[in-house]
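Visitor: I would like a close look at a single part of this model, namely the pairing of oppositely charged side chains. Please take me through it slowly, one pair after another.

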Amino acid sequence: MVKAMGFGPVSVYLSNMNHPLREIRAVLILSKYSLLATLRSPTSVVFSLLFPIIFIVVFGSMIGDQTPVMKLAVGPGCDTTNRLYEAIGKNPAITLKKGMSAAEQSEALRKGQLTAVLTIVRDAGAGVGLAIFPHYSVRLEEIGSAPGTELLETFVRDALGQVDRGVFPKNPSIARLTIDRTPGRVYAPIDFILPGQLGFSLLMAGVFGSSFLLFSLRQSLVLKRLRATPVRRRSIIAGEMLSRLFFHVIGFMIMVLLGYFVFGFTLVNGGFTFLEMLVFSFFGLGIFMGIGFVISGVIQNESSISPVANTVVLPQILLCGLFFPIESYPHWLQGFCNLLPLTLFVDGLRRIAFEGVHIWQMPVKIAGLLLWTVVIGLWSVRSFKWE
């Protein structure tokens with residue numbers, strides 16, 4: 001087992017280590033074989049690299065800032081020759097469906113396949129002073145729980161207002177609206193999703209990867225053999241962190257470059273922003289790897305690692321704004337979410353990438369991450385076991 005993982009030559013080399021430079025070289029050797037073990041592990045590659053890339057591609061392709069299209073059935077007897085019907089049909093967010101019977105429309109409404117049924121009828125004998133300006137009644141038949149009904153009502157009222165202004169341009173108005181539009185960056189969905197997936201990748205690689213690898217090394221007596229050499233505990237931890245750092249840099253570059261060139265991910269200052277995000281990710285690396293070290297130290301059997309790790313990971317995935325803004329949660333829960341390390345890390349990445357904020361301009365987040373790093377680091381050292 002030791003030779004299979006490539007740690008046999010390490011213990012032979014470490015037995016002759018009596019100089020700080022040799023200790024540094026030992027750390028590099030440990031990190032090399034740990035990195036090879038990580039790259040050969042399907043679990044590490046799938047959860048830490050493949051899954052985040054899939055999420056980036058899916059959300060980057062499917063989620064847009066366009067208004068959802070609403071299906072509007074044309075009711076029986078609806079007048080389709082007037083200007084109001086034309087104005088509603090020109091709205092790109094509305095699709096008018098003709099040719100459906102009343103029974104088919106009711107069934108489609110009940111199943112949620114339609115947003116509403118539109119009926120426009122000319123009022124008999126009604127007008128606005130002159131026969132050339134007929135008056136119409138507009139009716140929307142909706143299901144109360146159907147999504148998009150309030151937005152649809154806004155669109156229909158807007159179309160009615162456009163027709164009114166076209167027919168009666170001299171009608172008095174209580175106010176005049178003027179819009180001054182200043183050019184600026186558009187906050188695209190990829191700008192929210194990609195930093196979250198970077199945090200997801202680092203969380204999975206740090207917690208699951210480190211906990212399983214260290215437990216495997218201890219169970220296969222590799223750590224026991226290393227203990228017989230002059231190697232120090234800190235060297236093993238440093239070697240493992242260095243290997244995770246290399247693995248993280250590989251995944252980080254792949255995901256950021258994919259988001260930037262394919263989906264238009266925002267890097268305000270270009271390459272400098274990329275490097276600053278990479279440096280900032282070292283905080284998350286230390287915290288999440290430390291959690292993995294703690295889990296591997298306190299767990300007595302391998303079958304218990306996944307339940308314990310999931311207990312730590314899943315709440316952060318759900319509560320730390322990876323897929324949905326924290327502002328969507330109740331106020332009493334937002335305060336707790338903002339204290340979690342993954343929240344501090346992901347929010348910091350988003351501010352660096354989109355707002356152009358530098359690391360030293362986020363003292364609160366840095367202080368929070370440093371506090372988590374110290375607490376988790378001390379706990380991981382105390383819980384480290386050779387066998």
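**Salt bridges in the chain**

Guide: A search of the whole structure, which is a predicted model, turns up four salt bridges. As general background, side chains of opposite charge can pair when their charged atoms come close.

For the setting, the chain has 387 residues, of which 45% are buried, and its secondary structure amounts to 15 helices and four strands. The accessible surface is about 21000 Å², with 63% of that area belonging to carbon and sulfur atoms. Of the contacts between residues at least 6 apart in sequence, 76% join residues at least 24 apart.

Let us begin with helix H6, which spans residues 102-110 and holds both Arg-110 and Glu-107. The side chains of these two residues form a salt bridge, with an N to O distance of 2.5 Å. Because Arg-110 and Glu-107 are three residues apart in this helix, about one helical turn separates them. As for their surroundings, Arg-110 has a relative accessibility of 57% and therefore counts as exposed, whereas Glu-107, at 30%, counts as partly exposed.

A second pair, Lys-365 with Asp-347, is a salt bridge with an N to O distance of 3.9 Å, a value to be read against the cut-off of within 4 Å that defines such a bridge. Here the partners come from two helices: Lys-365 belongs to helix H15 (residues 363-383) and Asp-347 to helix H14 (residues 341-355), so the pair ties together parts that are 18 residues apart in sequence. Lys-365 has a relative accessible area of 15%, and it is classed as buried because that class takes in values under 20%.

Staying with helix H14, we find that the side chains of Glu-355 and Arg-351 also meet in a salt bridge, at 3.4 Å from N to O. Both residues lie in that helix, four residues apart, which corresponds to about one turn. Glu-355, with a relative accessibility of 45%, counts as partly exposed, and Arg-351, at 29%, counts as partly exposed too. Beyond that pair, Asp-347, Arg-350 and Lys-365 are joined into one network by salt bridges that share partners.

To draw the account together, Arg-110 and Glu-107 pair within helix H6, Glu-355 and Arg-351 pair within helix H14, and the bridge between Lys-365 and Asp-347 links helix H15 with helix H14.

How values were computed
Residues are numbered from 1 along each chain as its sequence is written. This is a predicted model: local features need pLDDT of at least 70, side-chain atom pairs count only at pLDDT 80 or more; totals for chains, interfaces and linings use all residues. Side-chain values use heavy atoms; hydrogens and water are left out. Buried means under 20% relative accessible area, exposed over 50%, partly exposed in between (1.4 Å probe, protein chains only). Contact means heavy atoms within 4.5 Å. Accessible areas come from the Shrake-Rupley method with a 1.4 Å probe; for residues, only the protein chains shown count as cover.
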